[in-house]
Amino acid sequence: LSQAGFSMPAMLAWRFLLRVKMAVDAPVLERFGGPNHDIPRPQPVEIPPALDREMLFRVAVIAEGAVTPIGNTGDETWEAVKAMKSGIVERRYPPYTEPSYLVPDEIVDKMTATHPVLGRLLEQHHNSRHTRHFILNEYLNEYQDVKREDLKLTQADPQIRAVTAATVKDFDPVERLVKTGFMPRKEVVFKMGPYSQYAATVVYEMLSKIRTADGIPFMIPRLNADGTPHKEYKWIINEALANRLHVATLVATGFGGGAVSAEVLELLKAGLIPSGDHMMRSLSDRADSPPTQGSGAEGGAEANTAACASSGKALINTILRVVTGVSQVGFVVGTEGLEQPMAWADGRTEENPITAAEFDCLGALDVGTDPFSVSRSLHKDRRGFTIGEGAVGVTICDVNWAKQNNIPILYYIDGFGDTS
């Protein structure tokens, strides 16, 4: 999972450390781990008492799909996982355009001598503007031994220090979505960003896999009222197996089309006006509506966003829909599309820097270069995470519905945990 992307930013630890009057004592250090004592140690979680009523939370999983940095289908991804392949590659971003500032060495030395943890944080993130300003402000709010006017900050060369990313490779949305007849070209090319294309591809893969033991497909050709094939959307859910009003689509995405903002900024800088398609591709809801249109599912579509917990939240919400009888079948997909090259206003094609720039500004990215040593979230030498992209999905259904229709069950989910 670390090959695909996210872990808790160390900023939470920094904020806590700097709120306790910079006191570096044993009790504080006992609450933090890592090489720099800036990573919160897991705290005991109190198990809530059981509710007065009980509900059976068992659901069945009948299909899986994936588009990941190590495979463009679920089967390819699983084989690559077993072969211990890495999807992380070298990634050179264009320079970040906002200037950074360096803190004079004498100030760093003074802070390091006075408050070791604070000094190490400041030195470690010397080229991260926001983190450094946060640290300095916290320090100056508590102590008067350094005046703001004496800091003498100087500009530094703006660069994104992270040089690796987990990227999807050799993925052709036209080949996977248009030529298969799942969606029309105008939707795929102009109104869907990579995160949305990945999600739709995963739903199509799962639909293609679902069959009864007798070979009856869950997805059949879509026909017009006169019996002719539909020209744009060629497939639809087989209502002999499920009412389309009882099939839901839930997609999770933390950033959605946030990377589109880099394109918009470049267009504005060049004196050009962005189109409405830029807005369409930036909406997180564009990840759940296309696969719903392609499959004909009418039982609800929604995008779930909860930062690093987005996919877990969407999975929980889909389980709840099934066990409470709102849906018989639910497609749930987690997707991000942050690393595909973009065309700039002057005709250049380069890596999209927007997400890497934001996380690098926080000092959250691993700046190592070895694909097998970066993004080790639980390792004692953890240095941060690596940006990743792709989509993974499962199809969840009511257990009795699957058995009644003689649909093979891959495995069961018997419950979940949800804390905040």
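**Sheet order, buried residues and aromatic pairs in a predicted model**

The secondary structure of the protein comprises 15 helices and 16 strands, as found in a model that is predicted. Of the 420 residues, 46% count as buried. Among the contacts that join residues at least 6 apart in sequence, 75% are between residues at least 24 apart.

Six of the strands form an open sheet, in which the order is β11-β10-β12-β15-β3-β16 and the pairing is mixed. The edges are taken by β11 (301–304) and β16 (411–413), each of which has a single partner strand, so one side of each is left without a neighbour in the sheet. On average, and with direction ignored, neighbouring strands of this sheet are turned by 30 degrees against each other.

Strand β10 (residues 247–252) pairs with β11 in the parallel sense over four bridges, and the pairing of β10 with β12, over six bridges, is parallel as well. The residue L250 illustrates both pairings, since L250 stands opposite E302 in β11, while in β12 the bridge partner of L250 is V332. Six of the six residues of β10 are buried, so this strand is largely enclosed by the rest of the structure. V247, T249 and V251 point one way from β10, whereas A248, L250 and A252 point the other way, and all are buried.

Strand β12 (residues 329–336) is joined to β15 by eight bridges, and these two strands run antiparallel. At one of the paired positions, V329 stands opposite C397 in β15. On the other side in the order given above, β15 is followed by β3, and strand β3 (residues 59–67) pairs with β15 in the antiparallel sense over seven bridges. Here the bridge partner of V67 is A391 in β15. Strand β15 is mostly covered, with seven of its eight residues buried.

Two residues may be followed individually through this region. The first to be described, G334, has its place in strand β12 and counts as buried because its relative accessibility is 15%, where the cut-off for buried is under 20%. Although G334 and A252 are 82 residues apart in sequence, they are 4.5 Å apart in space, C-alpha to C-alpha. When residues up to four places away in sequence are not counted, G334 touches A252, S311, G390, A391 and V392; A252 is among the buried residues of β10, and A391 is the residue of β15 that is the bridge partner of V67.

The second residue, R321, is found in helix α13 (residues 310–323). R321 is buried, with a relative accessible area of 18%. The side chain of R321 reaches the backbone oxygen of G299 at 2.6 Å. With residues up to four places away in sequence again not counted, R321 touches A248, L250, G299, G300, E302, V326 and S327. This list includes both L250 and E302, the two residues that stand opposite each other where β10 and β11 pair.

Aromatic side chains provide further links within the model, and the structure holds five aromatic pairs. One of them is formed by F218 and W401, which are edge-to-face, with 6.0 Å from centre to centre and 80 degrees between the planes. This pair links distant parts of the chain, 183 residues apart, with F218 in the loop between α9 (194–209) and β8 (219–221) and W401 in helix α15 (residues 399–404). F218 counts as buried at 1% relative accessibility, and W401 is likewise buried, with a relative accessible area of 3%.

Another edge-to-face pair is formed by F359 and F385, with 5.0 Å from centre to centre and 80 degrees between the planes. F359 lies in helix α14 (residues 354–361) and F385 in the loop between α14 and β15 (390–397), so the pair ties together parts that are 26 residues apart in sequence. Both F359 and F385 are buried. In addition, ring pairs link F255, F359 and F385 into a cluster.

A ring also takes part in an arrangement with a charged group, as the charged end of R58 sits over the ring of Y412, 4.1 Å from its centre. Y412 falls within the range of β16 (411–413), one of the two edge strands of the sheet.

Note on methods. Residues are numbered from 1 along each chain as its sequence is written. This is a predicted model: local features need pLDDT of at least 70, side-chain atom pairs count only at pLDDT 80 or more; totals for chains, interfaces and linings use all residues. Side-chain values use heavy atoms; hydrogens and water are left out. Rings of Phe, Tyr and Trp (its six-membered ring) pair if their centres lie within 6.5 Å; planes under 30 degrees apart count as stacked, over 60 as edge-to-face and the rest as tilted. Buried means under 20% relative accessible area, exposed over 50%, partly exposed in between (1.4 Å probe, protein chains only). A charge sits over a ring if NZ of Lys or CZ of Arg is within 6 Å of the ring centre and within 35 degrees of the ring normal. Two strands pair if DSSP finds at least two bridges between them. Axes are lines fitted to C-alpha atoms, for helices over the stretch in contact, and angles run from 0 to 180 degrees between N-to-C directions. A polar contact is a pair of N or O atoms within 3.5 Å; within protein, one must be able to donate a hydrogen and the other to accept it, and residues adjacent in sequence count only if both atoms are side-chain atoms. Contact means heavy atoms within 4.5 Å.
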